[in-house]
Amino acid sequence: MSKFWSPKVRELTPYVPGEQPRERLIKLNTNENPYPPAPGVEAVLRDFPADHLRRYPDPESRALREALAREFGVEVEQVFVGNGSDEVLALAFQAFFCHDRPLEMPAITYSFYPVYCRLYDVERRALPLGGDWRVDLDAFTPGSAGAIFANPNAPTGHGHGREAIAGLLERVTESVVLVDEAYVDFGGESAIPLVERFPNLLVTGTFSKSRSLAGLRLGYAVGSRELIEGLERVKDSFNSYPIDSLASAIGIAALEDREHFDACREAVITTRERTRTRLESLGFRVLPSQSNFLLVSHPEHDAAQLFVGLRERGILVRHFNTEALSDWLRISIGTEDEMDSLIEILEGLCR
Ligand SMILES: *Cc1c(COP(=O)(O)O)cnc(C)c1O
């Protein structure tokens with residue numbers, strides 16, 4: 001606490017990201033991609049003229065937005081880019097969710113959303129999850145300030161199909177429905193084709209996970225022109241240049257390599273399903289997942305103790321210290337070798 005802080009800052013409970021350890025550990029705690037970014041990214045890093053950094057970047061990030069618009073089959077005016085999708089989410093909170101009604105979200109979802117609620121003084125209404133810990137789309141109500149959830153959801157891994165999302169959008173028409181698709185490339189179904197039909201749908205995505213660029217900080221949103229314009233108004237009242245010129249060039253190079261993208265996400269999916277089977281044979285309950293992580297629980301072994309046991313043996317996974325999740329571990333999908341090490345150590349710990 002400091003007397004120099006604004007009153008609001010004293011009351012914040014900031015998001016706590018997964019640890020980035022200094023020592024060499026097998027890192028299965030922050031859902032990073034275990035494979036390198038597309039080779040074209042390396043080429044940009046090699047050839048980018050340093051002199052270009054003298055100038056401010058394009059405030060509209062036109063070239064990157066055009067590449068994303070081509071990727072998703074939408075107009076460039078329907079694409080917004082930000083410094084990681086966390087920033088896009090923050091701008092979306094300010095642009096769409098600051099009303100004197102509560103914002104609705106699942107009780108268990110990406111834990112950054114409640115943090116933004118506090119920062120932007122948005123009241124939160126937590127909706128209980130449905131069976132198998134699925135997001136209950138029927139629980140969202142039309143009179144709220146809006147709806148936000150990750151699909152596939154985090155840290156549970158289940159994703160709803162496009163038609164289910166369309167059903168929600170047919171009911172909730174007077175406020176923004178934000179679908180966070182950070183994990184959609186690992187087996188989910190994107191809601192982006194619905195933006196033509198529903199002007200209140202905003203879909204966010206990131207280069208951090210499926211494109212192996214978490215260190216670059218690049219995220220985006222796709223929606224109707226009026227929603228994108230709302231985001232631009234907030235962005236240009238805060239920081240007109242969120243995307244630096246190098247990040248923009250790297251993002252474009254990553255989007256150009258479809259083959260690399262598909263190979264990496266298929267490898268992650270294959271390893272995920274193999275890991276699921278092996279964890280189940282060790283007695284773990286493993287939730288179905290369309291993402292690059294598994295949420296697991298063991299009926300006979302305490303999750304916090306397993307977390308410590310794994311860490312002592314060089315593997316970092318995620319344990320959330322909340323009541324609902326205290327029995328669970330979230331394990332990011334690494335390479336086959338990394339998962340072999342995980343299983344080997346768990347075999348010892350679960351004996
Ligand atoms: C990782 C993650 C993000 C943040 O992505 P960045 O682009 O790295 O900021 C957003 N939403 C969810 C659900 C995530 O898991």
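Visitor: Which residues are around the ligand?

Guide: G84, S85, D86, Y110, A150, D180, A182, Y183, T206, S208, K209 and R217. Each has a heavy atom within 4 Å of the ligand, so each counts as near. This is a predicted model: local features need pLDDT of at least 70, side-chain atom pairs need 80 or more, and totals for chains, interfaces and linings use all residues. Numbering starts at 1 along each chain as its sequence is written, and side-chain values use heavy atoms, without hydrogens and water.

Visitor: How do the residues of the shell divide into nonpolar, polar and charged?

Guide: There are 4 of each kind. Asp, Glu, Lys and Arg count as charged; Ala, Val, Leu, Ile, Met, Phe, Trp, Tyr, Cys and Pro as nonpolar; the others, Gly among them, as polar.

Visitor: What makes the pair between Y183 and the ligand a polar contact?

Guide: A polar side-chain atom of Y183 lies 2.5 Å from a ligand oxygen. The limit for a pair of N or O atoms is 3.5 Å, so this pair qualifies. T206 also has a side-chain N or O atom 2.5 Å from an oxygen of the ligand. S85 uses a backbone N or O atom, 2.6 Å from a ligand oxygen.

Visitor: How much of the ligand's accessible area does the protein cover?

Guide: The protein covers 93% of the 380 Å² that the ligand has on its own. Areas come from the Shrake-Rupley method with a 1.4 Å probe.

Visitor: Why is L53 said to touch S245?

Guide: Contact means heavy atoms within 4.5 Å. L53 meets that limit with F48 and S245, leaving aside residues up to four places away in sequence. L53 and S245 are 192 residues apart in sequence, yet 7.1 Å apart in space, C-alpha to C-alpha. L53 belongs to the loop between α2 (39–47) and α3 (62–72). Helices (H or I, at least four residues) and strands (E, at least two) are DSSP runs, numbered from the N terminus.

Visitor: What is omega for the peptide bond from N151 to P152?

Guide: Omega is near -5°, and the bond is cis. P152 is in the loop between β5 (146–150) and α6 (162–171). P155 lies in the loop between β5 and α6 too. A cis bond joins A154 to P155, with omega about 0°.

Visitor: What is the sign of phi in D121?

Guide: Positive, near 55°, and D121 is not glycine. D121 sits in the loop between α5 (112–119) and β4 (124–127).

Conventions: A polar contact is a pair of N or O atoms within 3.5 Å; within protein, one must be able to donate a hydrogen and the other to accept it, and residues adjacent in sequence count only if both atoms are side-chain atoms.
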